[in-house]
Amino acid sequence: MKAAAAGTDDGGAADLVTTCATLGPGTTGAAVATIQTLVGAAADGDFGPQTAAALQAWQTANDVPATGIVEDATWAAMPTGTSTAACG
């Protein structure tokens, strides 16, 4: 299965993420569900507006720029093992 970066346009289908790529609106999968659990959003595996808002709150609380996406700075600020749990 090919991993897709957030925001990739593949004809309207959601971007399924299977690696620790940047996660943002429109991405889906187990990695998103893991992040949702961490930030207190409903863990449905679909990165939507509620996930972005919960992530921004988590980022602010953890002194990370509140971008609403999971990028390098956010991965680095997450508890040890989060990327392994999210991405294998």
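This text walks through a predicted model, starting with one helix and its core and ending with two buried polar residues.

Begin with helix α1, which covers residues 30-39. Its buried residues are Ala 31, Val 32, Ala 33, Ile 35, Gln 36 and Val 39. What do they pack against? The buried residues of α1 pack against strand β2 (27-28) and against three other helices: α2, α3 and α4 (82-87). After α1 comes Gly 40, which has a positive phi, near 85°.

Two of these α1 residues, Ile 35 and Val 39, also appear in the largest nonpolar core, which has 17 residues. They are among the residues with the most contacts inside that core, along with Leu 23, Phe 47, Val 70, Trp 75 and Met 78. Helices α1, α2 and α4 each supply at least two residues of this core.

Now turn to helix α2, where Gln 59 lies. Is Gln 59 buried or exposed? Its relative accessible area is 0%, so Gln 59 is buried. Leaving aside neighbours within four places in sequence, Gln 59 is in contact with Val 64, Pro 65, Ala 66, Thr 67, Gly 68, Ile 69, Glu 71 and Thr 74.

One of these partners, Glu 71, sits in the loop between α2 (49-61) and α3 (72-77). Why does Glu 71 count as buried? Buried means under 20% relative accessible area, and Glu 71 counts as buried because its relative accessibility is 17%. When residues up to four places away in sequence are not counted, Glu 71 touches Thr 22 and Gln 59.

How values were computed. Residues are numbered from 1 along each chain as its sequence is written. This is a predicted model: local features need pLDDT of at least 70, side-chain atom pairs count only at pLDDT 80 or more; totals for chains, interfaces and linings use all residues. Side-chain values use heavy atoms; hydrogens and water are left out. Helices (H or I, at least four residues) and strands (E, at least two) are DSSP runs, numbered from the N terminus. Buried means under 20% relative accessible area, exposed over 50%, partly exposed in between (1.4 Å probe, protein chains only). Contact means heavy atoms within 4.5 Å. A nonpolar core is a set of buried Ala, Val, Leu, Ile, Met, Phe, Trp, Tyr and Cys residues joined through side-chain atoms within 4.5 Å.
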